[in-house]
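User: Please walk me through this model, beginning with its nonpolar interior and then turning to the ligand site.

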Amino acid sequence: MAQKKKTYTTGFGVPVDNDQNSKTAGSSGPILIQDVHLLEKLGHFDRERIPERVVHAKGAGAHGYFEVTADVTKYTKAKFLSEVGKRTEVFARFSTVGGEKGSADAERDPRGFALKFYTEEGNYDMTGNNTPVFFIRDPLKFPDFIHTQKRNPGTNLKDADMFWDFLSLTPESVHQVTVLFSDRGTPRTYRHMNGYSSHTYKWYNTKGNYFWVQYHFKTEQGIQNLTLAESTKMKGEDPDHATRDLFQAIDRKEFPSWRLEMQIMTPEQAADYRFDPFDITKVWFHADVPPITIGRMVLDRNPENYFAEVEQAAFSPANFVPGIAASPDKMLQGRLFSYHDTHIHRLGPNYHLLPINRPKAALNYYQRDGFMNFSDNGGDSPNYYPNSFGGPEPDPDVGEPPFEVSGQAARHPYAHPNDDFFQAGELYRRVMTDEDRDHLIGNITLHLGNAQKRIQLRQAAVFYKADPEYGSRVAEGLKLDTKEVKRLAEMSQEDRAKATQGT
Ligand code: NDP
């Protein structure tokens, strides 16, 4: 913070004579409205806060680079991925999801893992999480889901009934709930967690062939988590512990790094795959689609100003570069709209011109004006297309190859039915250790124990459907009747909802 001595000025560059005493009529008289320095200072202060993000409000960020370590040109023509050894500047922001801007870093929550690659073809963003799956697979459910993770509209308190009512009525959530209530729901720091695209994306090459891909940024610090007792203690002792850890580690030159592993499927493999490859509540099993290592990300520079670089950083899954495109994953399709829309709300229509968001690539476009346009606004160049004054021209070579779509326009559910439980069960049975399972059951019963009994029963039945032992252990932990849980688990979703309806 040390600075050379400079004369203090107003926001308009005018030297300030005194910043300790407002101008008054006499030493004890009222303040004069002609104290314009005071008026400007208060007026700006009154407007310091911008809307916090509706999700991912609390976060920390850092600058760094991404380096390509394997040839992927047969899969994508993205220039930043075109050569082994090629480096691209990145900015990363990690966050919790449900809490407000001042909430504790150690809350049980997924962690956002958002990356901005400043490529020569414009900005490419990956807005991932530290979990490979998500709670819901249709964006129409997203506002409702988030309401249940936030505060009760009446009491303004976090509410276990809302939380578990929605989840137990939305069984597709059970895979993500299982990850969240494992100790991975409370990562030790932002450095000790993986980042997953969770969504499937499309890569396409110079020949117009395309592939479906999923990104896995694997922490090179190793996975480390907080136990329930540790996270509870941390929330009180240092609510900003992960923000502090990231900043201090980089300050000490212990630069955190992640290895990028990709899962890549051909369209033919995808057509036959046993799970819907565009359903974000599912993973692609590693044995089916082995990940290949293609790059490495290192974070080696702290932001100098939190608001300018982290609070104003605006990521969007719609920021693609040639060679990368969307998949039909419905959650992704919803996010293609929502992120840009949110940034316009939070930061204004020219948020892309803010230094942290501004591409390093040239901006040659016909957008003009709008609030807070602090660029040259295109000078006197044409502001319409087509024009015959040498304005920028589209390049058909950069476009996504055409792809087939068919079917009836309707509100379709995902077509792969009955499969909301298997992968959660596999995580419980096959991946978790005994200790992981003990912690999972303990973490769930503590939280779910605050909900009404009928909701506890319904959620325990959902866990039972993932794995009978899993559901039975939750039931025992909550002192529920395991036979009743089993009976509910055997019902259809509709009948289970009816049988556990409240008044
Ligand atoms: P594997 O059996 O090959 O590997 C298990 C994976 O689970 C590893 O990537 C491991 O991460 C991760 N993992 C370990 N503990 C947890 C936890 N508490 N929460 C979330 N992930 C955890 O995986 P499969 O592909 O055969 O899938 C089996 C199950 O593993 C899936 O149903 C899914 O729940 C989970 N999983 C699968 C992933 C995938 O993309 N296939 C990714 C992550 C989880 P690490 O390598 O960091 O130890």
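Analyst: A nonpolar core is a set of buried Ala, Val, Leu, Ile, Met, Phe, Trp, Tyr and Cys residues joined through side-chain atoms within 4.5 Å. The model discussed here is a predicted one.

User: Which residues touch the most other members of the largest nonpolar core?

Analyst: The largest nonpolar core holds 57 residues, and H2, H3, H4, H10, H11, H12, H13 and H14 each supply at least two of them. The residues that touch the most other members are Trp164, Phe463, Tyr470 and Val474.

User: Which element gives the largest share of this core?

Analyst: Several helices contribute, including H11 (434–448), H12 (453–466) and H13 (468–477). The largest share amounts to eight residues, and the helix that supplies them is H12.

User: With which residues is Val474 in contact, leaving aside its neighbours within four places in sequence?

Analyst: Val474 is among the residues that touch the most other core members. Once those sequence neighbours are set aside, the contacts of Val474 are Ile441, Ile444, Thr445, Leu448, Ala460 and Phe463.

User: How far is a backbone N or O atom of Trp284 from a nitrogen atom of the ligand?

Analyst: Trp284 is listed with His175, Ser182, His286 and Arg430 as the closest of the 20 residues surrounding the ligand. Its backbone N or O atom and the ligand nitrogen are separated by 2.8 Å.

User: How much of the accessible area of the ligand does the protein cover?

Analyst: On its own, the ligand has 790 Å² of accessible area. The share of this area covered by the protein is 81%.

Methods: Residues numbered from 1 in each chain as written. Predicted model: local features only at pLDDT ≥ 70, side-chain atom pairs only at ≥ 80, totals over all residues. Heavy atoms only, no water. Near = heavy atom within 4 Å. Polar contact = N/O pair within 3.5 Å; in protein donor to acceptor, adjacent residues only side chain to side chain. Areas by Shrake-Rupley, 256 points an atom, 1.4 Å probe, with all protein chains shown as cover. Buried < 20%, exposed > 50% of the residue type's maximum accessible area, 1.4 Å probe, protein only. Helix = DSSP H or I, 4+ residues; strand = E, 2+ residues; numbered from the N terminus. Contact = heavy atoms within 4.5 Å.
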